[in-house]
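Trainee: I should like to work through this model with you, one question at a time. May we begin once it is displayed?

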Amino acid sequence: MKLELISFPICPFVQRSIITLLEKEAAFSTTYIDLADKPDWFLAISPEGKVPVIRVDDSEVIFESAVINEFVNEVTDGDLHPEDPVRRAHNRAWIALGENLIFDQFHMMIAEDAKQFEDKWHQAEHRLAKLEQAVRGPYFNGDTFSLVDAAYAPLLQRFAILERIVDLPDYGDFPRIRAWWEALAERASIPGSVPADFETQLRTYFREKGGYFGQKC
């Protein structure tokens, strides 16, 4: 099966899928596009004009990162979901909530001023408090890496970078989440899922957007 991932280098949703592909040791190629100047061929295959999109055998197209990850999990050896059906459903629900947190984080990073940044942080903080209680450690489900870990790794990586640039009041109140990121960061799939100069690219992207966080970059 030929897999081609249509990508943007610093997109967290793309990163979710690359982590899954790497963890499943799936062979794939990557085609990068400029989201500011999307090619017509991409708009023709992506219903919302969003990445990631995965093209299968140069014909079939699958979109939405959570769906792509489920597909990759199904067509490769092994299973990155818990065996218990209740726990599996529980994981899928938290993956969906993770999408909201990614958008919370993005809105923090494009906030126009310190007040707006703080407001967006408190919105994310409310969800993080609930996530803190759900993490078993060292990974979300315990000792085994799962799709839910792939879904949250990009978010946690960016929070680690955010902490180095701006003050995140009360982020220290989430020791399970912080320990979770420390465990994830040790896996080869995490640095392998982003460019070598990822932090530089991320800072440049938001610096060009301006706003409170961009000025700090």
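Mentor: Please proceed, and bear in mind throughout that this is a predicted model.

Trainee: How exposed is arginine 187, expressed as relative accessible area?

Mentor: Buried residues fall under 20% relative accessible area and exposed ones over 50%. Arginine 187 lies in between and is therefore classed as partly exposed, its relative accessible area being 24%.

Trainee: Which residue forms a salt bridge with arginine 187?

Mentor: The closest N and O atoms of this pair are 2.9 Å apart, and the criterion is a distance within 4 Å. The partner of arginine 187 is glutamate 23.

Trainee: How many residues apart in sequence are the parts that this pair ties together?

Mentor: Glutamate 23 belongs to helix 1 (residues 12–23), whereas arginine 187 sits in the loop between helix 7 (175–185) and helix 8 (198–209). The salt bridge therefore ties together parts whose separation in sequence is 164 residues.

Trainee: Is helix 1 largely enclosed by the rest of the structure or largely open, and how many of its residues are buried?

Mentor: The buried residues of helix 1 include Phe13, Val14, Ile18, Ile19 and Leu21, and also the charged residues Arg16 and Glu23. They pack against strand 1 (3–7), helix 3 (65–75), helix 4 (85–109) and helix 6. Helix 1 is largely enclosed, because the number of its twelve residues that are buried is eleven.

Trainee: What distance does helix 1 reach from its first C-alpha to its last?

Mentor: Helix 1 has twelve residues, and at 1.5 Å a residue the expected span is 16 Å. The model comes close to that expectation, with a reach of 16 Å.

Trainee: Which residue just after helix 1 takes a positive phi?

Mentor: The phi angle in question is about 55°. The residue that adopts this value is glutamate 25.

Trainee: Which residues are joined into one network by salt bridges that share partners?

Mentor: Arginine 164 and glutamate 199 form a salt bridge at 2.6 Å, N to O; arginine 164 lies in helix 6 (residues 147–165) and glutamate 199 in helix 8, so this pair links parts 35 residues apart in sequence. Glutamate 199 also meets arginine 203 at 3.0 Å, N to O, and these two are separated by about one helical turn because they are four residues apart in helix 8. Through the shared partner, the network consists of Arg164, Glu199 and Arg203.

Trainee: Within that network, what is the relative accessible area of arginine 164?

Mentor: Glutamate 199 counts as partly exposed, at 23% relative accessibility. Arginine 164, by contrast, is exposed, with a relative accessible area of 53%.

Trainee: In what order do the four strands form the open sheet?

Mentor: The edge strands are strand 2 (29–32) and strand 4 (60–63), each of which pairs on one side only. Strand 1 pairs with strand 3 (residues 53–56) in the antiparallel sense over four bridges, although the pairing of the sheet is mixed. The twist averages 25° from one strand to the next, and the order is 2-1-3-4.

Trainee: Which residue in strand 3 is the bridge partner of leucine 5?

Mentor: Strand 1 and strand 3 are joined by four bridges. For leucine 5, the bridge partner in strand 3 is isoleucine 54.

Trainee: At what angle does helix 3 run to strand 4?

Mentor: Helix 3 lies across strand 1, strand 3 and strand 4. Relative to strand 4, helix 3 runs at about 120°.

Note on methods
Residues are numbered from 1 along each chain as its sequence is written. This is a predicted model: local features need pLDDT of at least 70, side-chain atom pairs count only at pLDDT 80 or more; totals for chains, interfaces and linings use all residues. Side-chain values use heavy atoms; hydrogens and water are left out. A salt bridge is a side-chain nitrogen of Lys or Arg within 4 Å of a carboxyl oxygen of Asp or Glu. Buried means under 20% relative accessible area, exposed over 50%, partly exposed in between (1.4 Å probe, protein chains only). The expected span of a helix is 1.5 Å times one less than its number of residues. Contact means heavy atoms within 4.5 Å. Two strands pair if DSSP finds at least two bridges between them. Axes are lines fitted to C-alpha atoms, for helices over the stretch in contact, and angles run from 0 to 180 degrees between N-to-C directions.
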